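Please read the sequence and the model side by side. The paragraphs below go from the whole chain to single residues.

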Amino acid sequence: MTEFPYGNTIFCDDIRFEIGGKASLMGCFGAELRAFGQAPLMLSSLAAFVSVRIPQEMAFQKLAVVLVADFGDGQKEVARVELPVEQKQRDSIEAGQLLSVDVPFRLSPFIIEGEGFLRCRAYLDELEVKLGSLRVAIQGVDEIPPEFKVVIPATS
């Protein structure tokens, strides 16, 4: 049994929902998103699948999940969802078990303003729970690996 809330975030290109409640995550990033060109850069889509696990016994009134971009000019909130968690939901979970909350985000388009980080956080009232981050690196067009040069980016 865990006494503390925890979770994780998988950053990807897109999230698709299937019959039976499954989610397919397309183009998952590891620790880093590498973009080629000069900032600002536009991604057609950026998604994040967030999972939060909260001990059933933990008392809180509000749950918010937030995506924050930090591209060197300070942190900027890019997405937020506030979720009502009713007592009857908590009561339906056995003592010692976890309340499980999954939140999909899809930002389209998404502008990369520079190098930095995307961070995900949950807030249970005032308690901050770190749910992961993605480093954003920008490389010049001349640094595109040879195997990816099939598509030449447009330059202006």
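Accessible areas here come from the Shrake-Rupley method with a 1.4 Å probe. On that basis the protein chain of this predicted model exposes about 9500 Å², and carbon and sulfur atoms supply 51% of this area. Of the 156 residues in the chain, 38% count as buried, where buried means under 20% relative accessible area. Along its principal axes, the C-alpha trace spans about 60 × 40 × 25 Å.

The secondary structure consists of one helix and twelve strands. Read along the sequence, the order is β-β-β-β-β-β-β-β-α-β-β-β-β, so the helix follows eight strands and is followed by four. Among contacts with a separation of 6 or more, 70% are between residues 24 or more positions apart.

Next comes the interior. One cavity of 30 Å³ or more is counted, and the largest cavity holds about 30 Å³ of space. Which residues line the largest cavity? They are Phe-11, Leu-46, Ala-47, Ala-48, Leu-67, Val-78, Leu-107 and Leu-118. The lining is made up of eight nonpolar residues, with no polar and no charged ones. Strand S6, residues 46-55, gives the largest share of this lining, with three residues.

Ala-47, one of the lining residues, is also touched by Asp-14. Asp-14 sits in strand S2, which covers residues 14-17. Is Asp-14 buried or exposed? Its relative accessible area is 14%, and because the cut-off for buried is under 20%, Asp-14 counts as buried. The side chain of Asp-14 has two arginine partners to look for in the model. A polar contact of 2.9 Å links it to the side chain of Arg-106, and another, of 3.3 Å, joins the side chains of Asp-14 and Arg-16. Not counting residues up to four places away in sequence, Asp-14 touches Ser-24, Leu-25, Met-26, Ala-47 and Arg-106.

After strand S2 the chain enters a loop that leads to strand S3 (23-26), and Lys-22 lies in this loop. Leaving aside neighbours within four places in sequence, Lys-22 is in contact with Arg-16 and Phe-17. The C-alpha atoms of Lys-22 and Asp-102 are separated by 12 Å, although the two residues are 80 apart along the chain.

Some backbone details in the loops also deserve a look. Where are the cis peptide bonds to be found? One joins Ala-39 and Pro-40, with omega about 0°. Pro-40 belongs to the loop between strand S4 (32-36) and strand S5 (41-43). Another cis bond runs from Ser-108 to Pro-109, with omega near -5°. Pro-109 is located in the loop between strand S9 (98-107) and strand S10 (110-112).

Further along is Asp-125, in the loop between strand S11 (116-124) and strand S12 (127-139). Phi of Asp-125 is near 55°, which is a positive value in a residue other than glycine. With a relative accessible area of 29%, Asp-125 is partly exposed, because this value falls between the limits of 20% for buried and 50% for exposed. Asp-14, at 14%, is buried.

How values were computed. Residues are numbered from 1 along each chain as its sequence is written. Side-chain values use heavy atoms; hydrogens and water are left out. On a 1 Å grid over the protein atoms alone, a cavity is a set of points where a 1.4 Å probe fits but cannot get out, and a pocket is an open set with protein on both sides within 12 Å along at least five of seven lines; lining residues have an atom within 4 Å of a point. Grid points are joined across faces, edges and corners, and a volume is the space filled by probe spheres set on the points. Helices (H or I, at least four residues) and strands (E, at least two) are DSSP runs, numbered from the N terminus. Ala, Val, Leu, Ile, Met, Phe, Trp, Tyr, Cys and Pro count as nonpolar, Asp, Glu, Lys and Arg as charged, and the others, Gly among them, as polar. Buried means under 20% relative accessible area, exposed over 50%, partly exposed in between (1.4 Å probe, protein chains only). A polar contact is a pair of N or O atoms within 3.5 Å; within protein, one must be able to donate a hydrogen and the other to accept it, and residues adjacent in sequence count only if both atoms are side-chain atoms. Contact means heavy atoms within 4.5 Å.
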